[in-house]
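Reader: Could you take me through the salt bridges in this one, pair by pair? I'd like to know where each partner sits and how covered it is.

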Amino acid sequence: MILEMKVPSPGESITEVEIAEWLVADGDYVEKDQAIAEVDSDKATLELPAEASGTITLKAEEGDAVEVGAVVCLIDTAAEKPSTDSGKDVPTTYQGGGSEGGANKQETKELMEDLDSGKNKENHDKAPNPSQKTYASGTASPAAKKVLAEKGMDASSVSGTGKDGRITKDDAVNAKPSMGTPTGGNRGSSRSKMSMLRRKVAERLVEAKNTTAMLTTFNEVDMSPIFALRKEYKEDFKAKHGVSLGFMSFFSLAVVRALKMYPAVNSMIDGKEMLTYDFVDISIAVSGPKGLMVPVIRNAENLSFRGVEAEVKRLALRARDGDITVDEMTGGTFTITNGGVFGSMLSTPIINPPQSGILGMHNIVERPVAIDGHVEIRPIMYVALSYDHRIIDGKESVGFLVAVKEALENPIELLMDNDVKRALEM
């Protein structure tokens, strides 16, 4: 029986996938549920398992875009599993005499002829070519080398007029590099196909720029209070909960608080209506092996510091290992991206449509700031909020970012209700 394997739907609104890699070869015997291919959708990379055991015939190439429901391979379920008996398919050596020996003798003769032919070809390839340049071609004399070095030119860019093509001093003196012409070094290039995930990210970024009235507002945050809390509690926090007390939990809970104060930022446009959510699903931008991925922390308003850190770690590991699912990357209402881990000082993050706001975190640098009339060195982070000005006014956007700043600079009162140990579940 020939079974047609079709591309299953990896999620709502996804109409095609790309064959990223076949894990088996055409004609291989596969077992039921064995992973036979990796396919890229516009949101994630998924494994395609065999629906039955049998011999496989591939019907698509790596890199092909295949519609959901299309046949990608055939499986002959009537095929028997090949034997693993090591005694089979072992060639018999020539023993002389008999028809079998005669066949081996003929094979040996043909093999020797092939070897002789290859040897003759090799010798032919090694035969001197009188038209080839000599070892002296393009070699600069000591005086020519000095002149070329002063000009910053490479000998390969100069034609020699001396004996056997040597570069003379006159050749070097008369050589004139063209303006903008490279005088050496590698100028190669390569071309590779963009993955479906990368192409979809590109489309969405362009869509966000072209279809939203995007504006960015900035502020700075004194991270000293958070530094002090982490220094005092991070070891006990990790020992008890198995996760680190990072910056993401502080920022996530600060965002939850600010979104409750400014619900327009937790909204999106749906046709001619504004859809506002009474829950907070925070998308977090993480870098995966196939590019940028944005898994979602569901109902962040119900999570504690430990809950946020555990969920961030879980999602980051799944993204890194390529195990993230489409469902885990859809439905966010607001996004946080941390360019600071790569050293970014300041940026204008692009909205993740159809959301209306995204908060950019950046690196933390010690800077001089005025505190009560005195200059002090404090760890400062610049933060940026990009928002859709169609539904979020300047007052709301600035107020939102100020609320985030206030919570981060006074976390004990505004995020921990003046009870640090209870907030950290110590």
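Author: Here's a walk through the salt bridges, followed by a quick look at a helix and the nonpolar cores. Keep in mind that this is a predicted model.

The structure has 12 salt bridges. Let's start with Glu 18 and Arg 199, whose side chains meet at 3.0 Å, N to O. Glu 18 belongs to strand E2 (residues 16-22) and Arg 199 to helix H4 (residues 196-211), so this pair ties together parts that lie 181 residues apart in sequence. How covered are the two ends? Glu 18 has a relative accessible area of 6%, and since anything under 20% counts as buried, Glu 18 is buried. Arg 199, at 26%, is partly exposed.

Next up is Arg 306 with Glu 425, where the closest N and O atoms are 3.4 Å apart. This one also links distant parts of the chain: Arg 306 is in helix H7 (residues 305-320), while Glu 425 is in the segment after helix H10 (420-423), 119 residues away. Both ends are partly exposed here, with Arg 306 at 33% relative accessibility and Glu 425 at 29%.

Then there's Arg 390 and Asp 388, with a closest N to O distance of 2.7 Å. Asp 388 is buried, with a relative accessible area of 2%, whereas Arg 390 is partly exposed at 47%. Salt bridges that share partners also join Glu 311, Arg 314, Arg 318 and Glu 328 into one network.

Now for the helix. H5 (residues 224-241) has 18 residues, which at 1.5 Å a residue should span 26 Å; the end C-alpha atoms are 24 Å apart, so the two values agree. H5 does have a kink of about 55°, centred on Tyr 233. Tyr 233 is also one of the buried residues of H5, along with Ile 226, Leu 229, Arg 230, Phe 237 and His 241.

As for the nonpolar side, the largest core has 58 residues, and those with the most contacts inside it are Phe 250, Phe 305, Phe 334, Phe 400 and Met 416. Helix H6 (residues 247-261) gives the most to this core, with nine residues. Another core, of 20 residues, lies apart from it and includes Ile 19, Val 24, Leu 48 and Ala 50.

Some nonpolar side chains are on the surface, too: Phe 218, Met 345 and Leu 346 form a patch with about 280 Å² of accessible area together. Leu 346 sits in the loop between strands E15 (334-338) and E16 (357-361), and is partly exposed at 40%.

How values were computed: Residues are numbered from 1 along each chain as its sequence is written. This is a predicted model: local features need pLDDT of at least 70, side-chain atom pairs count only at pLDDT 80 or more; totals for chains, interfaces and linings use all residues. Side-chain values use heavy atoms; hydrogens and water are left out. Patches are made of residues with over 30% relative accessible area and no salt bridge: like charges are joined within 9 Å, nonpolar side chains (Val, Leu, Ile, Met, Phe, Trp, Tyr) within 5 Å. Accessible areas come from the Shrake-Rupley method with a 1.4 Å probe; for residues, only the protein chains shown count as cover. A salt bridge is a side-chain nitrogen of Lys or Arg within 4 Å of a carboxyl oxygen of Asp or Glu. Helices (H or I, at least four residues) and strands (E, at least two) are DSSP runs, numbered from the N terminus. Buried means under 20% relative accessible area, exposed over 50%, partly exposed in between (1.4 Å probe, protein chains only). A nonpolar core is a set of buried Ala, Val, Leu, Ile, Met, Phe, Trp, Tyr and Cys residues joined through side-chain atoms within 4.5 Å. The expected span of a helix is 1.5 Å times one less than its number of residues. The bend at a residue is the angle between axes fitted to the seven residues ending there and the seven starting there.
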